[in-house]
Amino acid sequence: MSRTQILDRAVGSAMSALSAAAKRGLGDPALAELVVIRASQLNHCAFCLDMHLTIAREHGVSEKQLDLLAAWEEAGDVFDERERAALALTEAITVLTEGFVPDEVYDRAAEHFDEGRLAHLIGLVVAINNWNRVMVSRRIPPGGYTP
Amino acid sequence: MTTQETTEYAPERPARLRWAQHAPEVYKAMLRLETAARQGLDPTLYELVKIRASQINHCAFCLDMHTKDALTAGESAERIVQLSAWEESKHFYTEKELAAIELTEAITVLTDGFVPDEVYDHAAKHFEEAELAQLIAAITVINAWNRFGVTTRMAPGHYTPGQHR
């Protein structure tokens, strides 16, 4: 059975507003793409990966970082401490069914991001998790995004 | 006996971050999304979906809120209690509710795999297309609230039914 392609206009518009507000408040477009791509890897969202890998390259994220993102913890100095703290938090918030968000992961992020930026970083992880869910559930194929 | 025994519970932990105050535009978009996602869905079903996703994501604040809202709306304690074991207590729910709960689980536990065809197709049998699209949106939105709730450690126990309507 083919899957529905419907995404209610009001739902889609609120989701876009959420993503935009979170991204704006984080104020770091390159880091935002790393976060969004990592969550999309964990949630296996092909459409989202295709779209955000394209956007990441537009923002000048290096091929090295994109290649090694799935193994960022073992990637040495390819990612700095701030990026690593953000990625660890992204993973904890995305894989919620296996446990809570550990204090050490949260505290580490809080060391690198003030409360305002942290609230928006959390918002961004939530926002991409939203897109991952509506795209995977409806099996939206990759390739639909054009810059 | 004059000794009065009082039960000592563990202390309540404070929230980590008042995220809505620090990110008001994000919060506003979430409220818009919530309003948009619930359109066209049966409120009784909607609360069951919210409770089941919140159980799987371990969101204490969300469980506090949605079990209270469900009870206030006339949901039975029995159906709420049985929800985490719904596979063994199917006779408490309609076939349509069961299809929605199953889809809720598949969309919530996304990191373990995709949304299986049999789960999607089962839901598609019970929901017409536009309603199914809203159900997917609703499951997505409670997952979003769950993520804010757990990450910022919003404390359960203080919710009054209808407070966030």
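Here is a short chat about a predicted model with chains A and B.

Student: Let's start with chain B. How many helices and strands does it have?
Tutor: Chain B has 8 helices and 0 strands. Along the sequence that reads α-α-α-α-α-α-α-α.

Student: What does its C-alpha trace span along the principal axes?
Tutor: For chain B, about 60 × 45 × 30 Å. Of its 165 residues, 41% count as buried.

Student: And of the contacts in chain B between residues at least 6 apart in sequence, what share joins residues at least 24 apart?
Tutor: That share is 72% in chain B.

Student: Switching to the contact between the chains: how many residues come from each?
Tutor: Chain A puts in 43 residues and chain B 42. On the chain A side, the elements giving two or more residues are H1 (9–26), H5 (81–94) and H7 (115–137).

Student: Which one gives the most?
Tutor: H7(A), with 16 residues. As for character, the chain A side splits into 25 nonpolar, 13 polar and 5 charged residues.

Student: Back inside chain A, at what angle do H2 and H5 pack?
Tutor: H2(A), residues 29–42, packs on H5(A) at about 35 degrees, and their axes are 9 Å apart.

Student: Is that crossing left-handed or right-handed?
Tutor: H2(A) passes H5(A) in a right-handed crossing.

Student: Which residues meet there?
Tutor: From H2(A), they include A:Leu31, A:Leu34 and A:Arg38; from H5(A), A:Glu83, A:Leu87 and A:Glu91 are among them. The residues of this H2(A)–H5(A) contact divide into 7 nonpolar, 2 polar and 3 charged.

Conventions:
Residues are numbered from 1 along each chain as its sequence is written. Chains are lettered from A and ligands numbered from 1 in the order in which they are written. This is a predicted model: local features need pLDDT of at least 70, side-chain atom pairs count only at pLDDT 80 or more; totals for chains, interfaces and linings use all residues. Two residues are in contact if their C-beta atoms, placed from the backbone, lie within 7 Å. Helices (H or I, at least four residues) and strands (E, at least two) are DSSP runs, numbered from the N terminus. Ala, Val, Leu, Ile, Met, Phe, Trp, Tyr, Cys and Pro count as nonpolar, Asp, Glu, Lys and Arg as charged, and the others, Gly among them, as polar. Axes are lines fitted to C-alpha atoms, for helices over the stretch in contact, and angles run from 0 to 180 degrees between N-to-C directions. A crossing is left-handed if the near helix is turned anticlockwise from the far one by less than a right angle, and right-handed if clockwise. A residue is buried if 20 or more other C-beta atoms lie within 10 Å of its own, exposed if 12 or fewer, and partly exposed in between; C-beta atoms are placed from the backbone.
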